[in-house]
Amino acid sequence: MTMWAKGRANLFAFLLLLAAFPLSAQEYPNRPITMIVPFPPGGVADTVARPIAEAMGRVLKQPIVVENRAGAGGGVGMAAAAKSAPDGYTVLLALSSISIIPEADRILKRAPMYELKQLRPIARFTADPTVLVVRVDAPWQTAQELIADLKRNPAKYSYGSSGNYGTMHVPMEMLKSTANFRMLHVPYTGAGPAVLALIGGQVDAVSTGPATVVQQIRAGRLRALAHWGDGRLAALPDVPSLTELGYPVQFAQWSGLFVPSATPDAVVARLREAAQIAANDPKVVQTIGGAGSPMLYLDAPEFARYWSADAAKMADVVQKIGRVE
């Protein structure tokens, strides 16, 4: 073989090697990244996403642009991220409803918008019990008073949520089943709109993450009656858990970062590194913690195990809700 032929063969082999390791994995990132938040501004996901995106962008030396893509209780944005190119340039900041929506679709006899296997976990950032809140001028001072009124007046009152089978719908249905009362469910496109509806008097209560309502509680617009945790919350230390009050229901609304499942390992490694640095950034911790959500970071392997267990639990809860409805 001539030197020219050998050189050509070596070049061909090198090109094959490059094809096996995509450019995105070698030079990632070399352009801006989109972070899909599948809810409108003002909710927990958006509150977590913005400081995380800014901090990760500094680590990766590329801007991370937050894109709010709401609809179907978060399903629209989650499906868009699951079906995006697996190159690391589209990431998803989702809540625990990511585990619920495919199961809910099956219960409703429709094709799931996405499947969990289409997504790969990168990091968990927060995990908060949802909080039961009412307007400050509401007649109920405690959760017991609210539940007693609901039992006396079936279906007279309503609660708002971020969408059917979302993280504001499921905990309320769990409480309804446990405490045996009726309450009209009014779905909105996200936590922000649902809380605004509560403040405006369109609904009577919501269950949502602390980060969505702590400032409204401190401002004297809303009153927290109870939460779905197993102990007192640092942000709301005077608010009892429902378990304390005799209603053994627990629900955590967590936030986490995901990419399409086929994303190259080298890209995932860069994102994991950036997410870990962001989660330990004092400014990020202070910003998210000040909103009512302490940082409870998990790296990808631990988050994957947590997500698997939580998804199995939520599938069971959603099936029970579906049978009741």
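**Two open sheets in a predicted model**

In this predicted model, 6 strands make an open sheet in the order β2-β1-β3-β10-β4-β11, and the pairing is mixed.

Biologist: Happy to start there! Which strands stand at the edges of that sheet, each with a single partner strand?

Modeller: In the order β2-β1-β3-β10-β4-β11, look at the two ends. A strand there has a single partner, so one side of it is left without a neighbour in the sheet. The edge strands are β2 (64–68) and β11 (298–299).

Biologist: In β10, what is the bridge partner of arginine 120?

Modeller: Strand β4 covers residues 119–129 and pairs with β10, residues 252–260, in the antiparallel sense over 9 bridges. One partner pair joins arginine 120 to a residue in β10, namely valine 259.

Biologist: Nice. At about what angle does helix α3 run to β2?

Modeller: Helix α3 (residues 44–60) lies across β1, β2, β3, β4 and β10. Its direction relative to β2 is about 160°.

Biologist: Now the other sheet, please: in which sense do β6 and β7 pair?

Modeller: This open sheet has 5 strands in the order β7-β6-β8-β5-β9, with mixed pairing. β7 (184–187) stands at an edge with a single partner strand, so one side of it is left without a neighbour. Between β6 (residues 158–161) and β7 there are 4 bridges, and the sense is parallel.

Biologist: And which helix lies across β5, β6, β8 and β9?

Modeller: Glad you asked! The helix spans residues 191–200 and runs at about 150° to β8 (205–208). Its name is α8.

Technical notes. Residues numbered from 1 in each chain as written. Predicted model: local features only at pLDDT ≥ 70, side-chain atom pairs only at ≥ 80, totals over all residues. Heavy atoms only, no water. Pairing = 2+ DSSP bridges. Contact = heavy atoms within 4.5 Å. Axes fitted to C-alpha atoms, helices over the stretch in contact; angles between N-to-C directions.
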